[in-house]
Amino acid sequence: DDSAIRRLIPKVGMVRGWTDCYAHVLVATGRADLVVEPVVAAWDVAPMAIILPEAGGRFGDFSGRSDIRAGNAFSCNASVYEELLGTFR
């Protein structure tokens, strides 16, 4: 269901097409605030469950769990985490 993505798009300043590990690294290094992937494989995001919290950000699936096998994922800086989860609910 992509309804959460449709609700999120008007709230963000820019939408780009970088996906998988590179996009999440952009968040971990402070070059992006948020990455949302509605379809992702575990091997594309496996290190992010460790890297993002260490960098001061958050990583999880659309329910907020840090589950690399959920099939969807997000990375974000801490300041947008609660609002992002509210969009997914």
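Of the 89 residues in this chain, 38% count as buried. The structure is a predicted model. Its chain contains five helices and three strands, which follow one another along the sequence in the pattern α-α-β-α-α-β-β-α. The points below treat the overall chain, the sheet, the nonpolar cores and two aspartates in turn.

**The chain as a whole**

- The surface that the chain exposes amounts to about 5,300 Å², and carbon and sulfur atoms supply 55% of that area.
- Contacts also link parts of the chain that are separated in sequence: among contacts between residues at least 6 apart, 48% join residues at least 24 apart.

**The sheet and the helix across it**

- The three strands form an open sheet, in which the order is β1-β3-β2 and the pairing is antiparallel.
- The edges of the sheet are occupied by β1 (34-37) and β2 (57-60); each has a single partner strand, so one side of each is left without a neighbour in the sheet.
- From one strand to the next, the twist averages 10 degrees.
- Four bridges connect β2 with strand β3 (residues 73-77), and these two strands pair in the antiparallel sense.
- Within this part of the structure, Gly60 stands opposite Phe74 in β3.
- Helix α5 (residues 81-88) lies across β1, β2 and β3, and the helix runs at about 150 degrees to β3.

**The nonpolar cores**

- The largest nonpolar core has 14 residues, and the members that touch the most other members are Val27, Val45, Leu52, Phe59, Ile68 and Ala73.
- Two or more residues of this core come from each of the elements α2 (20-28), α3 (42-45) and α4 (48-54).
- Helix α2 gives the largest share of this core, namely four residues.
- Leu52 illustrates how a core residue meets distant parts of the sequence: leaving aside neighbours within four places in sequence, Leu52 is in contact with His24, Val27, Ala28, Gly57, Arg58, Phe59, Ser75 and Cys76.
- A second core, separate from the one described above, has ten residues, including Ala4, Phe62, Leu85 and Phe88.

**Asp20, in a helix**

- Asp20 has its place in helix α2.
- Is Asp20 buried or partly exposed? With a relative accessible area of 25%, Asp20 is partly exposed, because buried means under 20% and exposed means over 50%.
- When residues up to four places away in sequence are not counted, Asp20 touches Glu37, Val40 and Asp44.
- Asp20 and Val36 are 16 residues apart along the chain, and their C-alpha atoms are separated by 9.6 Å.

**Asp61, in a loop**

- Asp61 is found in the loop between β2 and β3.
- The relative accessible area of Asp61 is 2%; this residue is therefore buried, as the value falls under 20%.
- Asp61 touches Asp67, Ala70, Asn72, Ala73 and Phe74, again without counting residues up to four places away in sequence.
- Which residue forms a salt bridge with Asp61? The partner is Arg65, and the closest N and O atoms of the pair are 2.7 Å apart.
- This pair meets the rule for a salt bridge because its nitrogen and oxygen atoms lie within 4 Å of each other.
- The count of salt bridges comes to one.

Note on methods
Residues numbered from 1 in each chain as written. Predicted model: local features only at pLDDT ≥ 70, side-chain atom pairs only at ≥ 80, totals over all residues. Heavy atoms only, no water. Core = buried A, V, L, I, M, F, W, Y, C linked by side-chain atoms within 4.5 Å. Buried < 20%, exposed > 50% of the residue type's maximum accessible area, 1.4 Å probe, protein only. Contact = heavy atoms within 4.5 Å. Areas by Shrake-Rupley, 256 points an atom, 1.4 Å probe, with all protein chains shown as cover. Pairing = 2+ DSSP bridges. Axes fitted to C-alpha atoms, helices over the stretch in contact; angles between N-to-C directions. Salt bridge = Lys/Arg side-chain N within 4 Å of Asp/Glu carboxyl O.
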